[in-house]
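Notebook open, coffee poured. I want to go through strand pairing, aromatic contacts and the main pocket, one entry at a time.

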Amino acid sequence: MAASPMFPLGSVLFPFVPIPLRVFEPRYLTMVGRLLDEEEPEFGVVLIERGSEAGGGDQRASIGTMARLVGATARAEDLLIVGVGTRRFTVERWVDEDPYPRAEISMLPDLEWSEALAPLRAEAEAVIRRVIARVAESYSDADIELSEDPVAAVWQLAAVAPLGEYDRYALLRSTSMGGLLRQMIDLTLEAEELWSAG
């Protein structure tokens, strides 16, 4: 099993969602340099559960999302890259981190869309847009454009839902599209209650 390059971060990446990254650590500059030589450059993104992004020595989540590298801009001190989430994976094991983090992974099945889920998706979107509008002073996603593709749109909704990273990680671990939508609604309503109370 070939080891995939990995980017542990303090945030969750969902499929179909872009992620801009500022790369400045030598190990990740090396990783991106190697990715740029590949025809289909991809790296894994996993949530750091404890520890920090810089320097290593962190504890990492076991489920993540592959990101396709779609852009890179070199600056004097760093690189700005953009990835787009593709498929979810489980980390089977971390391997030697020299020169950058790598892991053996296995892909998780894609979540299946069914038209029977359309009302649930509409409810999730209505709840998320309503809650975002309530906290809109600090939020820029209230008028988010969603993909025409229903699977992509659901993951994009998950990305803009006003949730913390551990709630977002719970969504990433969903095993069915219906479960993902129901949990998205529940977690967003819980978050709204906390704001109302606070």
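Below are my entries on this predicted model, in the order I looked things up.

**Entry 1: strands**

I started with the pairing of E3 and E4. Strand E3 covers residues 42-50 and strand E4 covers residues 59-74, and I find them paired in the antiparallel sense over seven bridges. I wanted one register point for my sketch, so I noted that Arg 50 stands opposite Gln 59 in E4.

Next I followed E4 onward. Strand E5 takes in residues 79-95, runs antiparallel to E4 and is joined to E4 by 10 bridges. The connection from E4 to E5 is a hairpin through four residues. For the register here, I wrote down Gly 71, whose bridge partner in E5 is Val 82.

A reminder to myself for reading the sheet: side chains in a regular strand alternate between the two faces.

**Entry 2: aromatics**

How many aromatic pairs are there? I count three. One of them is Phe 7 with Phe 43, a tilted pair with 6.0 Å centre to centre and 55° between the planes. This pair links distant parts of the chain: Phe 7 belongs to strand E1 (residues 4-9) and Phe 43 to strand E3, 36 residues apart.

Are these two rings buried or exposed? I put the cut-off for buried at under 20% relative accessible area. Phe 7 comes out at 6% relative accessibility, so Phe 7 counts as buried. Phe 43 is at 0%, so Phe 43 counts as buried too.

I also checked for a cluster, and Phe 7, Tyr 28 and Phe 43 form one.

**Entry 3: a charge over a ring**

Which residue lies over the face of Trp 94? I get Arg 60, at 4.3 Å from the ring centre. For my sketch, I placed Arg 60 within the range of E4 and Trp 94 within the range of E5.

**Entry 4: the largest pocket**

I looked up the volume first, and the largest pocket comes to about 220 Å³. It is lined by 14 residues, and the closest to the centre are Val 17, Pro 18, Ala 159, Val 160 and Arg 168. Which elements give two or more residues to the lining? I have strand E2 (18-23) and helix H3 (150-160). H3 gives the most, with three residues.

Last, I sorted the lining of this pocket by class: 10 nonpolar, two polar and two charged residues.

Conventions
Residues are numbered from 1 along each chain as its sequence is written. This is a predicted model: local features need pLDDT of at least 70, side-chain atom pairs count only at pLDDT 80 or more; totals for chains, interfaces and linings use all residues. Side-chain values use heavy atoms; hydrogens and water are left out. Two strands pair if DSSP finds at least two bridges between them. Rings of Phe, Tyr and Trp (its six-membered ring) pair if their centres lie within 6.5 Å; planes under 30 degrees apart count as stacked, over 60 as edge-to-face and the rest as tilted. Buried means under 20% relative accessible area, exposed over 50%, partly exposed in between (1.4 Å probe, protein chains only). A charge sits over a ring if NZ of Lys or CZ of Arg is within 6 Å of the ring centre and within 35 degrees of the ring normal. On a 1 Å grid over the protein atoms alone, a cavity is a set of points where a 1.4 Å probe fits but cannot get out, and a pocket is an open set with protein on both sides within 12 Å along at least five of seven lines; lining residues have an atom within 4 Å of a point. Grid points are joined across faces, edges and corners, and a volume is the space filled by probe spheres set on the points. Ala, Val, Leu, Ile, Met, Phe, Trp, Tyr, Cys and Pro count as nonpolar, Asp, Glu, Lys and Arg as charged, and the others, Gly among them, as polar.
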